[in-house]
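Visitor: I am new to this structure and would like a close look at a single part of it. Please take me through the place where the ligand sits.

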Amino acid sequence: MFVSDSLNVNEKGHLTIGGVDSVDLAKKYGTPLYILDEDGIRANCKAYVKSIEDNYGGNGLVLYASKAFSCMEMCRICDDEKMGLDVVSGGELYTAHRAEFPMDRVYFHGNNKTQDELSMAVEFGVGAVIVDNLTELESLAKIAEDAGKVVNIMFRIKPGIDAHTHNFIRTGQIDSKFGFALETGEAMDAVKEAVKLSSVNLVGVHCHIGSQIFDIDPFVLAAEVMCKFIADVKAETGLEIEKLNLGGGFGIKYLESDEPVPYGDYMTKVADAIKAACNDLGIKLPAILIEPGRSIIGSEGITVYTVGAVKNIPNIRTYVSVDGGMCDNPRYILYQSQYEMLCANKANEEKTETVTVAGKCCESGDLLGENVKIQKVEPGDNLAVLSTGAYNYSMASNYNRIPKPCSVMVSGGKDRVIIKRETYSDLTRNDI
Ligand code: LLP
């Protein structure tokens, strides 16, 4: 019935998440409110970890891509689930460090890490820095050398596969701001530079082919291309690459019509392809790293708003305005992303209306969706937007000086705040 198994409807006709009444939570904590189902998140973590155990003898690590939703509690959950973390900024790295996440399981990404961020990574002793370009390689080697340390690195490679939600293309794809191109020889040149440097230790190669992908084939193809590169590196430099990081990008169900692939199927096919390729190429099996973000947390979160004005413009459309908008979910305005929505306090009623859901920001484009099917709503009702666990809070802003909502986690029928609602005084904290 719903896009996520975390969701249901109780005897009052209210939407529940993880068995907890979302309307009660809205009353208790106010709106807009992000609600996340911890049990669902943990089940996803376990499914990924198990898929590497079942298909690859456990020779790998699942890194949660914390850009999807980063906070200290999420770091603690990932640690508990024996996962690693993908961080992409000093802020995400700092969050993991403050949460006492084991730094050797943190992998640091980014196409333009600053000197300060690189120093922080060296000081904290991260598992590896995913080096994006030669400028970074040079800076990092110098910082590590000055600190008297040797830092593990991986190279971000452009494998020449560009995947989108429902299709993928094989292109030169040299035109991306991320990483080293294979076909120009740039990637091999970088490897040859790295092996000369005593303060860096090249342990792996990385690629990431896109996000919200439903098809397994582009992942298989990327794995094959990367194995070939590992073999070429061995042939040209004698170096045996130990780790293959295949990035994230696995699609989730936003709409009823979306049909994501089970993670197990993905890992079976990718592991088989890697084993076959390594066998053909005569190289040893690398450890596999994967970096799911959206598929760990996306479907396990909802946002609950309170409906304010409902404006019917005859023969044009009905605007249902809510007390949040692009400031807590910029994905419609950025990507025209579609979501399932419903009236949380009338969840059993039929969806008879087709409306435009508008936010409260001073911007005409501030919408959460157009042509959205929902129940008939009136001011004071709670509107729930589903599958908002990923890239909502993490992309939220303070536009119009609107404080960021509270994030509540539910588990085993109980609820707790994991990120407090911002206050007005938080907004002026740094003003002079
Ligand atoms: N690893 C790397 C290197 C990435 O660049 C990304 C996402 C991931 C892992 C995680 O991908 P996921 O499993 O979450 O698809 N703001 C956009 C999504 C941007 C994704 C960027 N990179 C959105 O709201 O759809």
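Guide: In this predicted model, an oxygen atom of the ligand has a polar side-chain atom of Ser211 at 2.4 Å. At Glu291 the partner is a nitrogen atom of the ligand, 2.7 Å from a polar side-chain atom of that residue. Arg294 takes part through its backbone: one of its backbone N or O atoms lies 2.8 Å from an oxygen atom of the ligand. The ligand taken alone exposes 580 Å², and the protein buries 86% of that area.

Ser211, Glu291 and Arg294 belong to a wider shell. There are 18 residues around the ligand, and those that come nearest are Ser211, Glu291, Arg294, Arg331 and Tyr391. By type, the shell consists of 7 polar, 6 charged and 5 nonpolar residues. The space that the ligand takes is the largest pocket.

The position of the ligand can also be described by domains. The domain assignment divides the chain into domain 1, made of 7–37 + 299–427, and domain 2, which covers 109–292. Over C-alpha atoms, the centres of domain 1 and domain 2 are 36 Å apart. Where these two domains are in contact, domain 1 supplies 6 residues and domain 2 supplies 5 residues. The ligand lies between domain 1 and domain 2, because both of them give residues to the shell around it.

Key:
Residues numbered from 1 in each chain as written. Predicted model: local features only at pLDDT ≥ 70, side-chain atom pairs only at ≥ 80, totals over all residues. Heavy atoms only, no water. Near = heavy atom within 4 Å. Polar contact = N/O pair within 3.5 Å; in protein donor to acceptor, adjacent residues only side chain to side chain. Areas by Shrake-Rupley, 256 points an atom, 1.4 Å probe, with all protein chains shown as cover. 1 Å grid on protein atoms, 1.4 Å probe; cavity = no way out; pocket = protein on both sides within 12 Å on 5 of 7 lines; lining within 4 Å. Sits in = over half its atoms within 2 Å of the grid points. Nonpolar A, V, L, I, M, F, W, Y, C, P; charged D, E, K, R; others polar. Domains from an automatic or database assignment. Contact = heavy atoms within 4.5 Å.
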